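Work through the exercises below with the sequence and the model open. Each task is followed by its solution.

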Amino acid sequence: MPAKDVEGYLSALPPEQRAALENLRATIRAIVPEAVEVISYQIPTFKYKGKMLVSYGAWKAHCAIYGETGSVREAHPDAFDGYATSKGTVRFTPEKPLPPALVAEIVQARVAAIEGR
């Protein structure tokens, strides 16, 4: 059954994935405290100024953050070594979470895109 809110989504996860996503969530919230959390496409999503900022989720073999614009990957290609990526997506595991500095780069690039910078 799909989660109705972020807390419900996170509480249904295995402990390792829940911890990894709660850390990711806290990092995002610290960077953009005014962002609003919702469930969109059945996964947690932060919205900023009414637009999708980033989403994140857990799957059987990995966790992921969605919304990477490509500009961060172009500017810091080595930062993504060891992580599977595809257009707009960075996949990671609880054993190898994304570094907070990389999360900050991704989120700040999305904020800049939303603000038209």
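**Exercise 1.** Which residue in E6 is the bridge partner of Cys-63?

Solution. Residues are numbered from 1 along each chain as its sequence is written. This is a predicted model, in which local features need pLDDT of at least 70, side-chain atom pairs count only at pLDDT 80 or more, and totals for chains, interfaces and linings use all residues, while side-chain values use heavy atoms, with hydrogens and water left out. Helices (H or I, at least four residues) and strands (E, at least two) are DSSP runs, numbered from the N terminus. Cys-63 has Phe-92 of E6 as its bridge partner. The strands involved, E4 and E6, are antiparallel and share 4 bridges; two strands count as paired if DSSP finds at least two bridges between them.

**Exercise 2.** Place E5 in the sheet and describe its hairpin.

Solution. The open sheet has 6 strands, ordered E1-E2-E3-E4-E6-E5, with antiparallel pairing. Strand E1 (36-40) and strand E5 (84-86) are the edges, each pairing on one side only. E5 is joined to E6 (residues 89-92) by 3 bridges, and Thr-85 faces Val-90 of E6. In this hairpin 2 residues separate the strands, and Gly-88 has a positive phi near 80 degrees.

**Exercise 3.** Which strands does helix H4 lie across?

Solution. Contact means heavy atoms within 4.5 Å. Axes are lines fitted to C-alpha atoms, for helices over the stretch in contact, and angles run from 0 to 180 degrees between N-to-C directions. H4 (residues 100-114) lies across E2, E3, E4 and E6, at about 150 degrees to E3. Helix H2 (residues 15-31) lies across E1, E2, E3, E4 and E6, at about 160 degrees to E3.
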